[in-house]
Amino acid sequence: MKRALAAALVALLFAGCTYHARQVGDDHFLNEPVSWTIGTTTLRDVVHDIGPPDAIRWTPKALVFVYRAQRHANSSLVLTAYLNIFSGEAQREQDATLVAGFGKDDVLLYYGVSDAPGDDLAGDVGF
Amino acid sequence: MKRARAALAVALAAAAQALSGCGLATLMYDSTIGPITPVGRIHELTVGEDIHVSDAGVQASLGDTPRLRPYPRDLLRRLASPSSFWFAAQGLQAFLRSFAPLSSRETHVGTPMPPDVPAELQPGAPLASTLALLGPPDVWLRRKSGSLMLYRDASKRTWSFYIGVPPPVTWAVPIPFIGSLRFRYISERARAEKLMLFFDPSDALIEARLGVDSDVDSDVDTGVDSDLEPEPEAAR
């Protein structure tokens, strides 16, 4: 009985709230010790270090490997009485990306890394 | 007595029709007014279009056409839905899941990856035997200097729970704010196992590299821009 009452109170306290978190990919490529040298490191070295890419792009000047991790959080409060009487929503989307471009002979031309998405609940709900 | 039963039957039928979102309720309200009625709400499944069944349940779009009509559009087609056992199973699963306070689901797209690189994929293995063993790749970059192949198995795991009123009550019970008496948490995790193969100019395998727990999301990036791309030098 007490548990049912506690559940009902929690439901009442957070009535209308929804929290949806989505984690896409793995940001392991941000944690690997990257010691690549432009003009020396090859495509196979990169795959050895951080595994196969999530996407491959080809341009006339370079072959580009893309590694990506994404975090999406959506928190909402909706009060419904046939229509949505009140609706508030906070969305947050963070991307972590590593791109590496290779030229002739699959030698590294350039690479860049972004920051890792943080696991931040307070930020997700807008505080 | 008979009159009372008939009145009850008529009242139940009227209530069911009002709750369904078609009939009287639909006749009284157009899309410009909206689904405001104390006896029920206009439901997208009865007056909407593009009705289909997915793993999220039976879905439809309200669209932008007027809803002032005495019966749902595509009535005959709707009566024949779901059109296959697969859709029926998906709809049933989604319906049961909507009641479940705690649910977990996992979906896979692609060929499951072996835990280790197959023994047949030794350096020197011809491209033809690789294709025969693994099938067509997700990405095949064909170049004079050596080909690349990428195989991928994407998976998505979802779990959710709610505390409070079950979600189906929202559209089944016409009590104000009853749909709000619920807290819901949903967590999704998408990932992919990948296998990359390197071939030399004579299409002999140089190396096979299995992904290190690397992840990907199908709705973010398919990663395929260069399938069967012509030779870069020739393209220029």
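A strand here is a DSSP run of at least two residues in state E, numbered from the N terminus. With that in hand, hello everyone, and let me start with one residue: A:Asp95 is found in strand S4 of chain A. What we have on screen is a predicted model, with an ipTM of 0.78 and a pTM of 0.66.

Let me stay with A:Asp95 for a moment. Is this residue buried, exposed or partly exposed? There are 17 other C-beta atoms within 10 Å of A:Asp95, and the cut-off for buried is 20 or more, so A:Asp95 comes out as partly exposed. A:Arg71 lies 24 residues away from A:Asp95 in sequence, yet the two C-alpha atoms are 6.5 Å apart in space.

Now for chain A as a whole. It has 4 helices and 5 strands, and from the N terminus on you can follow them as α-β-α-α-β-β-β-β-α. Of its 127 residues, 26% are buried. If you take the contacts in chain A with a separation of 6 or more, 57% of them are between residues 24 or more positions apart.

Please look at helix H3 of chain A, residues 43–50. Which of its residues are buried? They are A:Leu43, A:Val46, A:Val47 and A:Ile50. These residues sit on the same side of H3(A), because the arc they cover around the axis is only 95°. Just after H3(A) comes A:Gly51, with a positive phi of about 85°.

One of those helix residues, A:Val46, takes us to the core. The largest nonpolar core has 27 residues, and those touching the most other members are A:Val46, A:Ile56, A:Phe65, B:Leu150, B:Leu195, B:Met196 and B:Leu197. Both chains feed into this core: from chain A, H3, S2 (55–58), S3 (63–81) and S4 (83–102) each give at least two residues, and so do S4 (139–141), S5 (148–164), S6 (182–199) and S7 (205–210) of chain B. Let me pick out B:Leu195. Setting aside neighbours within four places in sequence, B:Leu195 is in contact with B:Met113, B:Tyr151, B:Ala208, B:Leu210 and B:Gly211.

That brings us over to chain B. Here the secondary structure comes to 8 helices and 7 strands, and 23% of the 236 residues count as buried. Among its contacts between residues at least 6 apart, 60% join residues at least 24 apart. There is a nice hairpin to find, too: S1(B), residues 49–54, is joined to S2(B), residues 57–61, through 2 residues. The two strands pair in the antiparallel sense over 4 bridges, with B:His52 opposite B:Gln59.

A word on backbone angles. Most residues other than glycine have a negative phi. Two aspartates here go the other way. A:Asp106, in the loop between S4 and S5 of chain A, has a phi near 55°. B:Asp203, in the loop between S6 and S7 of chain B, has a phi near 65°. A:Asp106 is partly exposed, with 18 C-beta neighbours inside 10 Å, and B:Asp203 is partly exposed with 14.

Finally, where should we read chain B with care? Its mean pLDDT is 73, and 64% of its residues reach 70 or more. Over residues 28–40 of chain B the pLDDT is below 50, and this stretch has 27 contacts beyond near neighbours in sequence. Residues 213–236 of chain B are also below 50, with 62 such contacts in the model. Thanks, and I am happy to take your questions.

Methods
Residues numbered from 1 in each chain as written. Chains lettered and ligands numbered in written order. Predicted model: local features only at pLDDT ≥ 70, side-chain atom pairs only at ≥ 80, totals over all residues. Buried ≥ 20, exposed ≤ 12 C-beta atoms within 10 Å, placed from the backbone. Arc of directions from axis to C-beta. Core = buried A, V, L, I, M, F, W, Y, C linked by C-beta atoms within 7 Å. Contact = placed C-beta atoms within 7 Å. pLDDT = per-residue confidence, 0-100. Pairing = 2+ DSSP bridges.
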